Amino acid sequence: MKRTIKTLALALCATTLFAMCFLPASAAAFADADGDGRILAADARLVLRASVGLSPWTDEMLKSCDIDNDKSLTSADARLILRLSVGFGNDDDSCLHGMDGAELVGLTSKEYKIYKKDGITYIDGILVANKTYSLPSSYDPGDLLPECKQAFMQMAYDAYYNDGIYLEGISGYRSYATQNRIYNNYVAADGKAEADTYSARPGHSEHQSGLALDVNSVEGSFAYTAEAKWIAENCYKYGFILRYPYGKTDKTGYIYEPWHIRYVGIAIATKIHNSGLCLEEYYGITSKYSY
Ligand SMILES: [Zn+2]
């Protein structure tokens, strides 16, 4: 018995030692200056004190609390942390319903919280996939998500029976592997720089999300049709936004695509539509490859 305990103690000791030596220290949580796992006014106070030299800051603290990413702790970071601690009004944490384990990883330039779960980025409760934010290769809904499919069917029905407009989804869900093949074919044909203007690199296509589809035609001339006009004016009523609008290429990272719509739900689609902004501008995020 004694011997068993001794062996057990040794094993435990060895495990702890192994963990201490070989496992990476977990990254400092976002905006958590004192490392207590929560974002409170105390964190803002610590950062404010550090910013004016009343207390030193560590690399760890700089990494987690440099909210505006200017490589220094300033009162601006303290202010942002204070706003985070009281749950400011730019977004609503109820969007995290059903997202247990989502981790707060950053703030957009418009102070929307950026959450990550299973490698997927969520802002304002919606999945974001663009040139900056990718989807893991393991993310595979296999088809358009039911809410997106249903909304599109309703929209197509209404468009046809109310306005005589015929809408047909021609490209919906695309797997990581398919996108990989498509993108590489384009690169082989047109070169990487050219391909990047109209085709997404694998993991960066919104089609992988199961929340986006191309309607009717992917020819440039589609822009001048009654169908394209109808989509631009009405799709938000069904929860869709025109994802790559005209004149927003420097923001979205893609040429004008009057056929590509993205499901975000009616509430958010209406807000984005009324703002006249593209999704990147609305949330204050970029769409640029980092590699
Ligand atoms: Zn598309």
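Trainee: How should I read the contacts between residues at least 6 apart in sequence? What share of them join residues at least 24 apart?

Mentor: Start by sorting contacts by sequence separation. In this predicted model, 60% of the contacts between residues at least 6 apart join residues at least 24 apart. The chain has 11 helices and eight strands.

Trainee: Which residues coordinate the zinc ion, and through which atoms?

Mentor: For a metal site, list the donor atoms and then look at their places in the sequence. Here His207 donates through NE2, Asp214 through OD and His260 through ND1, at 2.0 to 2.1 Å from the zinc ion. Along the sequence, these donors follow the spacing H-x6-D-x45-H. Asp214 in strand β6 (residues 212–215) and His260 in strand β8 (residues 257–263) are 46 residues apart, a pair that links distant parts of the chain.

Trainee: Are Asp214 and His260 buried or exposed?

Mentor: Both Asp214 and His260 are buried. Across the chain of 291 residues, 43% count as buried.

Trainee: Now the outside. How much area does the chain expose, and what do carbon and sulfur atoms supply?

Mentor: Begin with the total, then look for patches. The chain exposes about 15,800 Å², with carbon and sulfur atoms supplying 56% of that area. On the surface, Tyr157, Tyr160, Tyr161 and Tyr166 make up a nonpolar patch, together giving about 520 Å² of accessible area.

Trainee: Why does Tyr161 count as exposed?

Mentor: Compare its value with the cut-off: exposed means over 50% relative accessible area. Tyr161 counts as exposed because its relative accessible area is 57%. You will find Tyr161 in helix α5, which spans residues 146–163.

Definitions and conventions: Residues numbered from 1 in each chain as written. Predicted model: local features only at pLDDT ≥ 70, side-chain atom pairs only at ≥ 80, totals over all residues. Heavy atoms only, no water. Patch = residues over 30% accessible without salt bridge, like charges linked within 9 Å, V, L, I, M, F, W, Y side chains within 5 Å. Areas by Shrake-Rupley, 256 points an atom, 1.4 Å probe, with all protein chains shown as cover. Salt bridge = Lys/Arg side-chain N within 4 Å of Asp/Glu carboxyl O. Helix = DSSP H or I, 4+ residues; strand = E, 2+ residues; numbered from the N terminus. Buried < 20%, exposed > 50% of the residue type's maximum accessible area, 1.4 Å probe, protein only. Contact = heavy atoms within 4.5 Å. Donors = N, O, S within 2.8 Å, 3.2 Å for Na, K, Ca; no water.
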